[in-house]
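User: Could you take a close look at one part of this model for me, the helix packing and what surrounds it? I'd like a connected walk-through rather than a list.

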Amino acid sequence: MNEINVLINGAEGSPYEGGNFNGIIPLSGYHSTPPNVQFATRIDHHNVSNNGYLCLDILTPEKWKSTFDIKFIILSMIHLMAHPNGFDYLNEEAAQLFMKDIDAFDKAREVTSQFATDHVPNENQ
């Protein structure tokens, strides 16, 4: 097994509510080095790059501990979705909206609806 695939449900009350997000946790080098965790599902979040990679402090070499288990990583991913970090961003456009708080989550809701739900709009929508 080279990676673990996880399914994370968007937190209630967040712009990701109702979305299902596939995450990938690579296991190559796991425990000795932090995994390069990624969302396979498109997500509009300023701590997630356009390629889906996460900017999460526990996944940096400086903060990584070999005792961090998969459950801790998943819980950290869930926490990041509900509580974005305004200082470490990978998606500049989302960060600018978040910092200005101008409809900051409207685009995130739109992307969630489009890419992270089973909802398929019909021609009239």
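Analyst: First, the vocabulary: helices are DSSP runs of H or I with at least four residues, strands are E runs of at least two, and both are numbered from the N terminus. Also keep in mind that this is a predicted model.

Let's start with H1, which takes in residues 70-82, 13 residues in total. From first C-alpha to last it reaches 19 Å, close to the 18 Å expected at 1.5 Å a residue. Which of its residues are buried? They are Ile70, Ile73, Ser76, Met77, Leu80 and Met81. These buried residues sit on the same side of H1, because they cover an arc of only 140° around the axis. The background is simple: an α-helix has 3.6 residues a turn, so residues three or four places apart point the same way.

And what does that buried set pack against? The partners are strands E1 (3-9), E2 (20-26) and E3 (38-39). Those three strands make up an open sheet, ordered E1-E2-E3, with antiparallel pairing. E1 and E3 are the edge strands, each pairing on one side only. Between E2 and E3, the antiparallel pairing runs over two bridges, and Gly23 stands opposite Phe39 of E3.

Phe39 also gives us a way into the stretch that leads to the helix. Its C-alpha is separated by 9.3 Å from that of Ser49, ten residues away along the chain. Ser49 lies in the loop between E3 and H1. Buried or exposed? With a relative accessible area of 16%, Ser49 is buried, since the cut-off for buried is under 20%.

The other loop worth a stop is the one between E2 and E3, where you'll find His31. Its phi is near 90°, a positive value in a residue other than glycine. For context, most residues other than glycine have a negative phi. His31 counts as partly exposed, at 38% relative accessibility.

Last, a quick detour to another helix. Thr112 is found in H3, residues 106-115, and counts as buried at 2% relative accessibility. Beyond its neighbours within four places in sequence, what does Thr112 touch? Its contacts are Pro15, Tyr16, Glu17, Gly19, Phe21 and Thr117.

Back to the part you asked about, then: H1 has its buried residues on the same side, and those residues pack against E1, E2 and E3.

How values were computed: Residues numbered from 1 in each chain as written. Predicted model: local features only at pLDDT ≥ 70, side-chain atom pairs only at ≥ 80, totals over all residues. Heavy atoms only, no water. Expected span 1.5 Å × (residues − 1). Buried < 20%, exposed > 50% of the residue type's maximum accessible area, 1.4 Å probe, protein only. Arc of directions from axis to C-beta. Contact = heavy atoms within 4.5 Å. Pairing = 2+ DSSP bridges.
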